[in-house]
Structures are given as structure tokens and as C-alpha cells.
Amino acid sequence: MGLIIGSRDADKAKAAASKIQTTIGSSSRVYGLVNPEVASKADILVVTVPFAALPDTIKSLKSSIKPGQIVVNVTVPLETAVGGLVCGDDTDAKKVVLDLAKAIPGVRGVDAGPLSNSRTIEQLTALLVSLNIRYGVKTAGLRITGLHSST
Ligand SMILES: NC(=O)c1ccc[n+]([C@@H]2O[C@H](COP(=O)([O-])OP(=O)(O)OC[C@H]3O[C@@H](n4cnc5c(N)ncnc54)[C@H](OP(=O)(O)O)[C@@H]3O)[C@@H](O)[C@H]2O)c1
């Protein structure tokens with residue numbers, strides 16, 4: 001499996017890819033390309049841009065995205081994130097993304113239901129931001145408990 005890093009700037013993408021390649025060694029190939037090229041090649045496309053840049057970014061990628069491609073949007077309007085919760089309407093695509101999340105050390109992928117549930121998660125994010133402000137911290141978080149370890 002290869003990894004492609006996208007950027008608006010080809011040189012920046014190559015530099016980031018090279019840095020990651022150096023870090024992980026030769027176990028996997030890392031490439032750097034401009035965003036539309038990444039969208040045309042990747043099986044799984046992860047969009048990680050600032051919230052304000054999301055509409056223009058998606059428009060710039062739209063014509064490159066292929067049928068059947070999995071698009072993961074991790075962009076959230078607020079800085080505090082509720083990590084590991086995966087929403088989506090395509091069961092097979094969601095399983096692929098949950099498996100990816102589980103592969104990240106310290107992250108437990110949790111199936112958070114249909115895409116419409118992402119609105120609820122954004123509201124939880126707003127709650128966490130207000131808790132951070134009220135308690136003068138940056139670390140308020142939520143943990144999902146009571147699930148079987150295999151889920
Ligand atoms: N769901 C979660 O658990 C979670 C966790 C963390 C972060 N996030 C979200 O993920 C998103 C990315 O976070 P981040 O910290 O990686 O953001 P970031 O470092 O500010 O931006 C990521 C990249 O987006 C590109 N970018 C910046 N401005 C842009 C613009 N106007 N148009 C198009 N591309 C632009 C830049 O790449 P180039 O200059 O190379 O194009 C930049 O390196 C945010 O929305 C953040 O809230 C979610």
C-alpha cells in the first residue's frame with residue numbers, strides 16, 4: 001500500500017512526502033502530488049484542510065474523484081475534535097475507514113452511524129470547546145464506554 005501526500009503546491013507535497021518517507025523508512029512508498037492528482041489516483045482520499053477552505057477544495061477535486069472511491073472528510077469547524085467516531089452512509093466504505101482508524105495507535109474507531117450523525121458530533125465538539133474555555137484548559141474530551149473491545 002502506498003501513501004500520497006497532497007498539496008496545492010507540488011514542491012511542498014514532494015517535500016512532505018520525502019520527510020514522511022525518511023521517518024517510516026522503506027516499508028511503504030510515499031509520493032507527493034498536487035491535490036487533484038491525488039484525488040485521481042487514491043483509493044481512499046482523506047481531506048484535511050481548514051474548514052473555511054473545504055468548499056473550494058472539494059470543488060477543485062470533484063472532477064477527479066472516481067465512482068467507488070472512498071472520501072474521508074476529517075475537517076471540522078471547531079478546533080477541538082471528537083476523535084475516532086466515524087459516520088457514513090456506505091457500510092463497506094465505513095468499515096474500511098474504521099479499520100484505518102483502528103490501525104492508528106491510541107485511536108479506537110467507533111461506528112457512529114449514518115452521515116447525518118456527524119451533525120451531532122459537531123455539536124459535541126462545540127460543547128468541548130466551551131468546557132475548555134470555562135475550565136481554562138485545552139484537553140477536555142469524551143470517551144465512549146461500554147462497547148465490546150472488538151467494536
Ligand atoms: N476529526 C478530527 O478528529 C480532527 C482532528 C484534527 C484536525 N481536524 C480537522 O482537520 C482539518 C485540518 O487540520 P490541520 O491542523 O491539518 O490544518 P492545517 O495544518 O491548518 O491545514 C492543513 C493543510 O491544508 C492546506 N490549506 C491551508 N489553507 C488552505 C486553503 N485556503 N485552501 C486549500 N488548502 C489549504 C495546507 O496545505 P497546502 O498549503 O500544502 O495546500 C495545509 O497544510 C481541520 O479542519 C481540523 O479542524 C479534525
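**Exercise 1.** Work out whether Ile-121 is buried, partly exposed or exposed.

*Solution.* Start with the cut-offs: a residue is buried with 20 or more other C-beta atoms within 10 Å of its own, exposed with 12 or fewer, and partly exposed in between, with C-beta atoms placed from the backbone. Now count: Ile-121 has 17 C-beta neighbours inside 10 Å, so it counts as partly exposed. For context, 12% of the chain's 151 residues count as buried.

A word on the ground rules: this is a predicted model, where local features need pLDDT of at least 70, side-chain atom pairs count only at pLDDT 80 or more, and totals for chains, interfaces and linings use all residues. Residues are numbered from 1 along each chain as its sequence is written.

**Exercise 2.** Find which residues Ile-121 touches, leaving out those up to four places away in sequence.

*Solution.* Contact means C-beta atoms, placed from the backbone, within 7 Å. Run that test and you get Val-82, Leu-85, Cys-87 and Ala-112. Then check Val-86: it sits 35 residues from Ile-121 in sequence, and their C-alpha atoms are 9.7 Å apart.

**Exercise 3.** Place Ile-121 in its helix, then compare that helix's reach with the expected span.

*Solution.* Helices are DSSP runs (H or I, at least four residues) and strands are E runs of at least two, numbered from the N terminus. Ile-121 belongs to α5, which covers residues 118-135, 18 in total. The expected span is 1.5 Å times one less than the number of residues. That gives 26 Å, and the first-to-last C-alpha reach is close to it, at 26 Å. Just after α5 comes Gly-136, with a positive phi near 65°.

Notes:
Two residues are in contact if their C-beta atoms, placed from the backbone, lie within 7 Å.
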